[in-house]
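Open the model in your viewer and keep the selection panel at hand. The tour goes from one selection to the next and says what is there.

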Amino acid sequence: MNSTLIASLKKRRTQYALGKNVALDKNSLTTLIKDAIKHTPSSFNSQSSRAVILFGEQSEQFWELTKQELRKIVPAEAFANTAAKLDSFAAGIGTVLFYEDQSVVQGLQEQFALYADNFPVWSEQGSGMAQFAVWLALTEAGVGASLQHYNPVTDDAARREWNVPATWKLRAQMPFGSHEGGFGEKAFMDDAQRFITVG
C-alpha cells in the first residue's frame, strides 16, 4: 500500500542547518501554519493551542532574547556552543512559538469538574499534535524545521516583546527555513520492543 501521509512522515526530519532560501512567501507560510493548527484535533474541541509566528528580524530577535537569558545561567566556558546553536535557529526565515491558553484549560476544568485533572494533560497532547501538524505541513512544503524547548527560560522576555497574553503558556519553539544541510541515517529500535498486535 502506498501512502502519501506515511511518505511525508518518513521525509520529516530535524533540520538544524537552516537558511532563508524558501520559495514560499510570508503570507503563504502563515496560512500554512495557521491551517495546520486550526485543523489539529483537541479534546472537547477546546482549540486551546495558540501561536506567535515570527519572521525575519522578529525571529532573530527571539533567538537573541533567548541568548541573553541563557547567558545568565549557562557556564561561560560552555556558552560558545550554546550561542552557535541559537545562531543556527536564527539563520532560518522564521520561528513558530507554540502556546497553550490556560484560561481555556481552566474553564474546562470548572465546567467539567469530573475530568479536571485530565485537561492539563489533554492540553499538552493537543499542543504536541499541533506542533507535529505544523512540522509535517512545512515538510510537505519543502521547508526545514526543528522543535526546541527553551521555555520557561524565554517566557517572560517573549511575553514582553510581543505582548503575549498572560494566560498563554509557552510550550515549544519551531525555527524554520530552507534546508542547508543533509541528514544522517535514522536508527529505529526493533518493532517487537514497541508494538503488540492482537487479533
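Which residues in α1 meet which residues in α6? Select L5, S8, L9 and K11 on the α1 side, then F132, L136, T139 and E140 on the α6 side. Sorted by class, this contact has four nonpolar, two polar and two charged residues. Bear in mind throughout that the model is predicted.

**The two helices**

Now show the helices in full: α1 covers residues 4–11 and α6 covers residues 119–140. Two packed helices are described by the angle between their axes and the distance between the axes. Here the angle is about 95°, and the axes are 9 Å apart. Angles from 65 to 115 degrees count as roughly perpendicular, and α1 and α6 are therefore roughly perpendicular to each other.

Stay in helix α1 and pick S8. Is S8 buried or exposed? Its relative accessible area is 10%, and the cut-off for buried is under 20%, so S8 is buried. Leaving out residues up to four places away in sequence, S8 touches L136, T139 and E140. These three residues also belong to the α6 side of the helix contact.

**The whole protein**

Zoom out and colour by secondary structure. There are seven helices and five strands. Starting at the N terminus, the elements follow the order α-β-α-β-α-α-β-α-α-β-α-β. The radius of gyration is 18 Å, close to the 16 Å that the globule rule gives for 199 residues, so the protein is as compact as a globular protein of that length. Along the principal axes, the C-alpha trace spans about 50 × 45 × 40 Å.

Of the 199 residues, 41% are buried. Take the contacts between residues at least 6 apart in sequence: 84% of them join residues at least 24 apart.

**Strand β5 and its partners**

Next select residues 168–179, which form strand β5. How many of the residues of β5 are buried? The count is 10 of the 12, so the strand is largely enclosed by the rest of the structure.

Add the strands that pair with β5, going through them by number:

- β1 (residues 18–19) pairs with β5 in the antiparallel sense over two bridges. Select L18 and you will find H179 of β5 opposite.
- β3 (residues 94–101) pairs with β5 in the antiparallel sense over eight bridges. Select Y99; its bridge partner in β5 is L170.
- β4 (residues 144–145) pairs with β5 in the antiparallel sense over two bridges. Select G144, whose bridge partner in β5 is G177.

**M174**

The last stop is M174, in strand β5. Which residues is M174 in contact with, leaving aside its neighbours within four places in sequence? Show G94, T95, V96, F98, Q131, V134, W135, L138, A145, S146 and L147. Two of the strands paired with β5 are represented here: G94, T95, V96 and F98 fall in β3 (residues 94–101), and A145 falls in β4 (residues 144–145). Q131, V134, W135 and L138 fall within helix α6 (residues 119–140).

M174 counts as buried because its relative accessibility is 0%. To finish, draw a line from the C-alpha of M174 to the C-alpha of I53: the two residues are 121 apart in sequence and 9.5 Å apart in space.

Definitions and conventions: Residues numbered from 1 in each chain as written. Predicted model: local features only at pLDDT ≥ 70, side-chain atom pairs only at ≥ 80, totals over all residues. Heavy atoms only, no water. Axes fitted to C-alpha atoms, helices over the stretch in contact; angles between N-to-C directions. Helix = DSSP H or I, 4+ residues; strand = E, 2+ residues; numbered from the N terminus. Parallel < 35°, antiparallel > 145°, perpendicular 65-115°, else oblique. Contact = heavy atoms within 4.5 Å. Nonpolar A, V, L, I, M, F, W, Y, C, P; charged D, E, K, R; others polar. Buried < 20%, exposed > 50% of the residue type's maximum accessible area, 1.4 Å probe, protein only. Pairing = 2+ DSSP bridges. Rg over C-alpha atoms; globule rule 2.2 N^0.38 Å.
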